[in-house]
Amino acid sequence: MTSPDLSTDPTATQDDGGQAARRLLIVGPPGAGKGTQAVRIAEELSIPAISTGDIFRANVSQETELGVLAKSYMDAGEYVPDSVTNDMVRSRLAEADARDGFLLDGYPRTLDQVEALDSILTELGTALDLVLLLEVETDEVVGRLLARGAEQGRSDDTEETIRRRLDVYAEQTAPLIDVYDSRGLVRRVDGSAPIDEVTVALREALRAR
Ligand code: AMP
């Protein structure tokens, strides 16, 4: 009796082969549209979109201990300390819904967080598949964030805080791209295109793995 040819197993899904990119980061400056795109892409892949900014904001509105701590940093446009953020992500990624994939939005943002994420994924017996980088010019993101501040009243979308967040991004987060580039994981997408076009480009970037 010959063994079945698993390479053509008609019941095999992408999950079975472990080939599809499902452990993902989306990176880019504040206002690049990461959150909007993350939700779309995650839904298409049936994986959770995990936004550290959203988790912090939920804690702020529930006035948890973590929220009280995070708010002071967020309102100043600074990063919440790595130790706090890393612990939060470690427990979130250990949840059952992240077992078969996740799209992290807004994490990691520092080199220390890159190292922490590496260890978290090693502990979970997995690794990153791809890093999606949304590229948008500074003038454009400032305009978008000011508009969002006016519409949604986010307390960190004021001009002064926006400038600080962009500086912090350039100093602390942009260097991460080189790290992931050296691992061959980065796929660049023009984030200044209309929203639907960006989604299409991200989908293509995932396929072109
Ligand atoms: P975001 O919604 O991703 O723009 O995040 C809003 C704010 O939450 C940031 O400006 C930081 O103060 C905080 N924050 C979100 N993610 C992180 C992170 N990975 N490390 C530190 N602070 C973060």
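**Questions around a ligand and its protein**

Reader: Let's start at G191; in which loop is G191 found?
Author: Happy to begin there. Helices (H or I, at least four residues) and strands (E, at least two) are DSSP runs, numbered from the N terminus. By that naming, G191 is found in the loop between β5 (186-190) and α9 (195-207).

Reader: What kind of model is this, and what pLDDT do local features need?
Author: Residues are numbered from 1 along each chain as its sequence is written, and side-chain values use heavy atoms, with hydrogens and water left out. This is a predicted model in which totals for chains, interfaces and linings use all residues, side-chain atom pairs count only at pLDDT 80 or more, and local features need pLDDT of at least 70.

Reader: Does G191 count as buried or exposed?
Author: Buried means under 20% relative accessible area, exposed over 50%, and partly exposed in between (1.4 Å probe, protein chains only). G191 has 4% relative accessibility, so G191 counts as buried.

Reader: How far apart in space are G191 and L134?
Author: Along the sequence, G191 and L134 are 57 residues apart. From C-alpha to C-alpha, their separation in space is 4.9 Å.

Reader: Now to the ligand; which residues come nearest?
Author: A residue is near a molecule or strand if one of its heavy atoms lies within 4 Å of it. There are 16 residues around the ligand. The ones that come nearest are T52, R57, E78, G106 and R109.

Reader: Which helix gives the most to the shell around the ligand?
Author: The top contributor gives four residues to the shell. That helix covers residues 52-61 and is α3.

Reader: How many charged residues does the shell around the ligand have?
Author: For the classes, Ala, Val, Leu, Ile, Met, Phe, Trp, Tyr, Cys and Pro count as nonpolar, Asp, Glu, Lys and Arg as charged, and the others, Gly among them, as polar. The shell has five nonpolar and five polar residues. Its charged residues number six.

Reader: What distance separates the side chain of R109 from a nitrogen atom of the ligand?
Author: A polar contact is a pair of N or O atoms within 3.5 Å; within protein, one must be able to donate a hydrogen and the other to accept it, and residues adjacent in sequence count only if both atoms are side-chain atoms. For R57, a polar side-chain atom lies 2.9 Å from an oxygen atom of the ligand, and for V80 a backbone N or O atom lies 3.1 Å from a nitrogen atom of the ligand. An N or O atom in the side chain of R109 is separated from a nitrogen atom of the ligand by 2.8 Å.

Reader: What share of the area that the ligand exposes alone does the protein bury?
Author: Accessible areas come from the Shrake-Rupley method with a 1.4 Å probe; for residues, only the protein chains shown count as cover. Taken alone, the ligand exposes 480 Å². The protein buries a share of that equal to 96%.

Reader: Which residue gives its backbone oxygen to the contact with Q37?
Author: Q37 is found in helix α2 (residues 34-45). With 3% relative accessibility, Q37 counts as buried. A polar atom of its side chain lies 3.1 Å from the backbone oxygen of I195.

Reader: What is the omega of the cis peptide bond between Y107 and P108?
Author: Most residues other than glycine have a negative phi, and most peptide bonds are trans. P108 is found in the loop between β3 (102-105) and α6 (111-123). The cis bond that joins Y107 and P108 has an omega of about -5 degrees.

Reader: Near what value is the phi of S46?
Author: S46 lies in the loop between α2 and β2 (49-51). With a relative accessible area of 62%, S46 is exposed. Its phi, positive in a residue other than glycine, is near 55 degrees.

Reader: What is the relative accessible area of E63?
Author: E63 lies in the loop between α3 and α4 (65-76). The phi of E63 is positive, near 55 degrees. E63 is exposed, and its relative accessible area is 66%.

Reader: One last stop: how far are the C-alpha atoms of G143 and R163 separated?
Author: G143 has its place in helix α7 (residues 138-152). At 39% relative accessibility, G143 counts as partly exposed. G143 and R163 are 20 residues apart along the chain, and their C-alpha atoms are separated by 11 Å.
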